[in-house]
Amino acid sequence: QVQLVESGGGLVQPGGSLRLSCAASGTIFSINAMGWYRQAPGKERELVATEPTGGGTNYADSVKGRFTISRDNAKNAVYLQMDSLKPEDTAVYYCNAVLRTFLAISSRAYWGQGTQVTVSS
């Protein structure tokens, strides 16, 4: 089995910063990519940022220049540094990993439980 455990959410004032962390554990054979998605009330889940194992990053236009994704491959971890936060960044943030387990013949997506980020004065 695979688990993705997130941490780092909370309440922050507009213009502030937060850092989210996520670590994957379990019978992991290989990881193709890790990233972050978010879902605000009444809206669909949307991509925030992803980073494939081979390098490169992909950001939503709404967070470019404010958020930075990074990975620690040795720890099967992914981080999201969020700066200059805005009220519209308020959402539940989900960690995502596309990976293959030892017993699987192909990769699939796994999700964390989500962590709440609230940006409000």
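Trainee: How do strands E1 and E3 pair, and over how many bridges?

Mentor: Look at the direction of the two strands first. E1 and E3 pair in the antiparallel sense, over 6 bridges. Keep in mind that you are looking at a predicted model. For a landmark on this pair, find Glu6, which stands opposite Cys22 in E3.

Trainee: Which sense does the pairing of E3 and E8 have?

Mentor: E3 and E8 pair in the antiparallel sense, and 6 bridges hold that pairing. A residue to look for here is Arg19, with Gln81 of E8 standing opposite.

Trainee: Let's turn to E11. What sense does its pairing with E2 have, parallel or antiparallel?

Mentor: Strand E2 covers residues 10-12, and 3 bridges join E2 to E11 in a parallel run. You can find the spot through Val12, which stands opposite Val119 in E11. E11 also pairs with E9, this time in the antiparallel sense and over 3 bridges. There, Tyr93 has Thr115 of E11 as its bridge partner.

Trainee: Which side chains of E11 are buried, and which are not?

Mentor: Follow the strand residue by residue and watch where each side chain goes. Thr115, Val117 and Val119 point to one face and are buried. Gln116 and Thr118 point to the other face and are not buried. The side chains of E11 therefore alternate along the strand, and buried here stands for under 20% relative accessible area.

Trainee: That brings me to the inside. How many residues does the largest nonpolar core have?

Mentor: The general idea comes first: in soluble globular proteins, nonpolar side chains tend to be buried together. In this structure, the largest nonpolar core has 31 residues. Those with the most contacts inside this core are Leu4, Trp36, Val48, Phe67, Leu80, Met82 and Tyr93.

Trainee: Which elements give two or more residues to this core?

Mentor: Eight names to mark on the structure would be a lot at once, so try a few: strand E1 (2-7), strand E4 (28-39), strand E5 (46-52) and strand E7 (67-72) are among them. Strand E9 (91-101) and strand E11 (115-119) also belong to that list. E9 gives the most to the core, with 5 residues.

Trainee: Now the opposite case. Which residues form a nonpolar patch on the surface?

Mentor: Phe29, Phe102 and Leu103 form such a patch, with about 410 Å² of accessible area together. Leu103 lies in the loop between E9 and strand E10 (108-111).

Trainee: Why does Leu103 count as exposed?

Mentor: Compare its value with the cut-off: Leu103 has a relative accessible area of 84%, and exposed means over 50%.

Trainee: How many disulfides does a search of the whole structure find?

Mentor: The search finds 1 disulfide. It joins Cys22 to Cys95, with an S to S distance of 2.0 Å. This pair links distant parts of the chain, as Cys22 is in strand E3 and Cys95 in strand E9, 73 residues apart.

Trainee: Is there a hand to read off, left or right, and are Cys22 and Cys95 buried or exposed?

Mentor: Read the hand from the torsion about the S-S bond: for Cys22 and Cys95 the torsion is about -80°, so the disulfide is left-handed. Cys22 is buried, with a relative accessible area of 3%. Cys95 counts as buried too, at 0% relative accessibility.

Trainee: Last topic: how many salt bridges does the structure hold?

Mentor: The structure holds 4 salt bridges. Start at Arg38, whose side chain meets that of Glu46 in a salt bridge of 2.7 Å, N to O. The side chains of Arg38 and Asp89 also meet in a salt bridge, at 3.0 Å, N to O. That second pair links distant parts of the chain: Asp89 is in the loop between E8 and E9, Arg38 in strand E4, 51 residues apart.

Trainee: Which residue besides Arg38 forms a salt bridge with Asp89?

Mentor: Arg66 does, and the closest N and O atoms are 2.7 Å apart. Arg66 lies in the loop between strand E6 (58-59) and E7, 23 residues from Asp89. Put together, Arg38, Glu46, Arg66 and Asp89 are linked in a network of salt bridges.

Trainee: Are the members of this network buried or exposed?

Mentor: Take them one by one. Arg38 is buried, with a relative accessible area of 5%. Asp89 is buried at 1%, and Arg66 counts as buried at 9%. Glu46 is partly exposed, with a relative accessible area of 36%.

Note on methods
Residues are numbered from 1 along each chain as its sequence is written. This is a predicted model: local features need pLDDT of at least 70, side-chain atom pairs count only at pLDDT 80 or more; totals for chains, interfaces and linings use all residues. Side-chain values use heavy atoms; hydrogens and water are left out. A nonpolar core is a set of buried Ala, Val, Leu, Ile, Met, Phe, Trp, Tyr and Cys residues joined through side-chain atoms within 4.5 Å. Buried means under 20% relative accessible area, exposed over 50%, partly exposed in between (1.4 Å probe, protein chains only). Helices (H or I, at least four residues) and strands (E, at least two) are DSSP runs, numbered from the N terminus. Two strands pair if DSSP finds at least two bridges between them. Patches are made of residues with over 30% relative accessible area and no salt bridge: like charges are joined within 9 Å, nonpolar side chains (Val, Leu, Ile, Met, Phe, Trp, Tyr) within 5 Å. Accessible areas come from the Shrake-Rupley method with a 1.4 Å probe; for residues, only the protein chains shown count as cover. A disulfide is a pair of cysteine sulfur atoms within 2.5 Å.
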